[in-house]
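Reader: I am new to this structure and would be grateful for a close look at one part of it, namely its buried interior. Please explain each term as it arises.

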Amino acid sequence: MNDASTPDILTFGEAMTLFIAETPGDLAEVERFQRRIAGADTNVAIGLARLAFHVAWISRVGDDGFGTFIRRTLDAEGLDCRYLSTDAEHPTGLVFKERAEHGEDPKVAYYRRGSAASHMGVADVRDLDFQGVRHLHATGLPPALSVSTRELAFHMLERAREAGLTISFDPNLRPSLWNSEAEMRETLNALAAHADWVLPGLAEGQRLTGLDNAHDIAGYYLDQGATGVIIKLGPEGSYVRTADDAGMVKGVAVSHVVDTVGAGDGFAVGVISALLDGCTLRQAAHRGNLIGAEQVQVTGDMEGLPHRARLRDLEAAHPLA
Ligand SMILES: O=C(O)C(=O)C[C@H](O)[C@H](O)CO
């Protein structure tokens, strides 16, 4: 998209070229892979663009074939890539994913250390105009990649706050990318304190807060300043809490889980799109559950993200109970 108009939504992070094993088992045995794109932030950006929001994507790719592939894919998905730059010195990040056989979480191998996106920093967004933008979505990936992307993450949330955008934050824990558990916890909780809507999974919330149940975890983030917290509970659905409401929003049944990666990103797409459409937090959690369920039925990380027509069908078939 080359449109110079103001985006509805800003997103930033790392898009990687993804290789999905064509056969199950250890990557050491796999000879053929399918090529796709991946990255928690970019999955959300694509999902929101499919739902007809104007989404700007802030990132870097390497000056290599994988970077060209990512740029072409994001353009084709309708993302506004005016803030996507090409880094001549560092390569595009890659991720290889095992093929899941029985709905288990597949193993992934990252080749992203020192990637183009991990060299982003505050200077990349010096000319970024927040005026008129409605929303910023952030995840725990940029603060995990490098010191400069961590600074960028805090800078983005602080500027969004000053400019009056709403902010969503999904911790997307990747312990293998952090130096220590304590650093991960402190950094992600500090970032979450800048957000309006915080969207951890139950296990993530437990690890980040040391608390046990969804109600208390949500309370922790409300006390830090969030207006709404939704805890993802997998197939059970999600737990919603605001200052004056709390309760379960039931999940939708899925007969065959193919691959769970990207389900949380689908959930974020549902929640953010619904809130920007003017829905309540419970309706937003329900849409998150619906899109999360779509995402677990495909092998790629973003292929299950629906366009508006499919979303209308899903919401008609599964009204909020
Ligand atoms: O962004 C990452 O770290 C990934 O592993 C790529 C996946 O698309 C992502 O995890 C899905 O949330």
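Author: The account below moves from the core to one helix, and then to single residues in loops. The model is predicted, so local features are given only at pLDDT of at least 70 and side-chain atom pairs only at pLDDT 80 or more, while totals for chains, interfaces and linings use all residues. Residues are numbered from 1 along each chain as its sequence is written, and side-chain values use heavy atoms, with hydrogens and water left out.

For orientation, an unreviewed UniProt entry lists residues 8-307 as "domain: Carbohydrate kinase PfkB"; such annotations may be inferred rather than shown by experiment. Over this range the chain is 34% helix and 23% strand, these elements being DSSP runs of at least four residues (H or I) for helices and at least two (E) for strands, numbered from the N terminus. The C-alpha atoms at the two ends of residues 8-307 are 17 Å apart.

In soluble globular proteins, nonpolar side chains tend to be buried together. Here the largest nonpolar core (buried Ala, Val, Leu, Ile, Met, Phe, Trp, Tyr and Cys joined through side-chain atoms within 4.5 Å) comprises 42 residues. Buried means under 20% relative accessible area, exposed over 50%, and partly exposed in between, with a 1.4 Å probe and protein chains only. Leu10, Phe12, Leu136, Met156, Leu188 and Val229 have the most contacts inside this core. Separate from it is another core, of 39 residues, including Phe53, Phe69, Leu84 and Ala284.

Phe12 gives a view of the packing. Beyond its neighbours within four places in sequence, Phe12 is in contact (heavy atoms within 4.5 Å) with Leu136 and Met156, both of which are also listed among the residues with the most contacts inside the largest core. The other partners of Phe12 are Asp41, Trp57, Ile58, His137, Ala138, Pro142, Leu152, Ala153 and Leu157.

Asp41 leads to helix H1, where it is one of the buried residues. Eleven of the eleven residues of H1 are buried, so the helix is largely enclosed by the rest of the structure. Beside Asp41, the buried set consists of Ala40, Thr42, Asn43, Val44, Ala45, Ile46, Gly47, Leu48, Ala49 and Arg50.

Just after H1 comes Ala52, placed in the loop that joins this helix to strand S4 (55-62). In contrast to the helix, Ala52 counts as exposed, because its relative accessibility is 63%. Most residues other than glycine have a negative phi. Ala52, however, has a positive phi near 75°.

A second case of this backbone geometry lies in the interior. Asn172 is not a glycine, yet its phi is positive, at about 40°. Its place is the loop between strand S9 (166-170) and helix H5 (181-192). Asn172 is buried, because its relative accessible area is 7%.

Val133 shows how distant parts of the chain meet. This residue belongs to the loop between S7 and strand S8 (135-139), and a relative accessible area of 7% makes Val133 buried. Thr6 is 127 residues away from Val133 along the chain, yet their C-alpha atoms are separated by 6.4 Å. Outside its neighbours within four places in sequence, Val133 is in contact with Thr6, Pro7, Asp8, Ile9, Leu10 and Leu165. Leu10 brings the account back to its start, as one of the residues with the most contacts inside the largest nonpolar core.
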